[in-house]
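User: Could you walk me through this one? I'd like to start with how the strands pair.

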Amino acid sequence: MRIVTWNVNSLKARLERVEEWLTNNEPDIVCLQETKLADDAFPAITFAALGYEAFHHGEGRWNGVAILSRVGLDDPQAGFTASPGDDVFPGEARVAWATCGGVRVASVYVPNGREVDHDHYAYKLRFLGRLRTELEATSDPSADVAICGDFNIAPDDRDVYDPAAFVGATHVSAPERAALAELEAWGLSDVFRRHYDDGGLYSWWDYRAGNFHKGKGMRIDLVLASASLAQRSTAALIDRNARKGKAPSDHAPVVADFAPGGAA
DNA sequence: ATGGTCGTCCAACGA
């Protein structure tokens with residue numbers, strides 16, 4: 001089973017490239033972020049033609065997340081359901097859930113944070129806490145669970161092109177990394193790191209300043225798998241070729257392959 | 001040379 005996460009930075013602007021990539025790479029489950037579409041503008045028919053069911057949770061101009069699956073798609077859920085009285089995240093389409101091929105999947109777009117002193121940074125930390133709360137309330141860590149998305153956090157210094165340049169910045173701060181670790185402590189692990197110890201392997205490069213060509217990136221897009229799923233991880237990669245060429249997203253797709261499950 | 005780009009849609013703003 002091949003699971004992919006990809007922040008496409010506007011599905012409208014990226015649809016042709018996404019279609020081509022799906023055709024060439026044949027993923028089973030795809031988590032998309034930053035579709036920047038309203039639900040009625042989501043091109044479900046395009047994905048259906050490629051053999052994918054889809055669930056989209058959008059708001060229009062910003063954010064927007066989706067799950068595509070060619071191994072079934074059940075029990076879709078938009079956003080958070082635990083603690084419904086909590087109005088900390090009004091209207092932002094940042095999480096979609098579905099069960100695909102026996103795996104409970106989430107496509108997550110964690111808030112950027114902007115600056116460490118910014119309200120948006122506090123929002124980012126609350127969002128990560130809320131994600132953990134949701135998992136505790138709705139999912140089972142002994143089942144197959146994959147939380148995939150743009151976390152806007154580089155888990156450690158190997159995941160940043162120049163750690164010294166990011167001291168005091170978002171994406172690397174101790175509270176963000178602690179919030180990610182707390183999420184993982186529910187029972188998730190970063191599948192990519194089961195296969196690579198190296199630094200210099202990134203999933204996002206700023207469009208500006210030729211950063212991609214200079215190798216100035218960060219690894220902020222993650223596939224987090226529960227133990228039973230992670231144990232079946234056979235390969236992982238970041239397809240940086242997808243960051244090249246005409247009109248790329250600023251993120252590359254992260255690919256994770258898993259051996260079939262026993263019960264699923 | 002210490003900036004540099006995209007996306008949303010036409011004015012800034014967000015990343």
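Analyst: Strand 6 (residues 95-100) and strand 7 (residues 103-109) run antiparallel and are joined by 6 bridges, and within this pair Ala 98 stands opposite Val 105 of strand 7. This is a predicted model, in which local features need pLDDT of at least 70 and side-chain atom pairs count only at pLDDT 80 or more, while totals for chains, interfaces and linings use all residues. Residues are numbered from 1 along each chain as its sequence is written, and side-chain values use heavy atoms, with hydrogens and water left out.

User: What counts as a strand, and as a pair?

Analyst: Helices (H or I, at least four residues) and strands (E, at least two) are DSSP runs numbered from the N terminus, and two strands pair if DSSP finds at least two bridges between them.

User: Which strand order does the sheet with strand 8 have?

Analyst: The order is 5-6-7-8-12-9 in an open sheet of 6 strands with mixed pairing. Strand 5 (74-78) and strand 9 (188-190) are the edge strands, each pairing on one side only, and neighbouring strands are turned by 20 degrees against each other on average, direction ignored.

User: Which strands does helix 3 touch?

Analyst: Helix 3 packs on this sheet against strands 5, 6, 7, 8 (145-150) and 9, and its direction makes about 30 degrees with that of strand 6. Contact here means heavy atoms within 4.5 Å, and axes are lines fitted to C-alpha atoms, for helices over the stretch in contact, with angles from 0 to 180 degrees between N-to-C directions. Helix 4 (residues 174-184) also packs on the sheet, touching strand 9 and strand 12 (221-226).

User: Where does Arg 132 find its salt bridge partner?

Analyst: Its side chain meets that of Glu 136 at 2.6 Å, N to O, where a salt bridge is a side-chain nitrogen of Lys or Arg within 4 Å of a carboxyl oxygen of Asp or Glu. Because they are 4 residues apart in helix 3 (residues 119-138), Arg 132 and Glu 136 are separated by about one helical turn. The structure holds 13 salt bridges.

User: And the other sheet, what's its order?

Analyst: That open sheet has 6 strands in the order 3-4-2-1-14-13, and the pairing is mixed. Strand 3 (53-57) and strand 13 (233-238) stand at the edges with a single partner strand each, so one side of each is left without a neighbour in the sheet. The twist averages 10 degrees from one strand to the next. Strand 3 and strand 4 (residues 65-69) pair in the antiparallel sense over 5 bridges, with Ala 66 in strand 4 as the bridge partner of His 56.

Key
Chains lettered and ligands numbered in written order.
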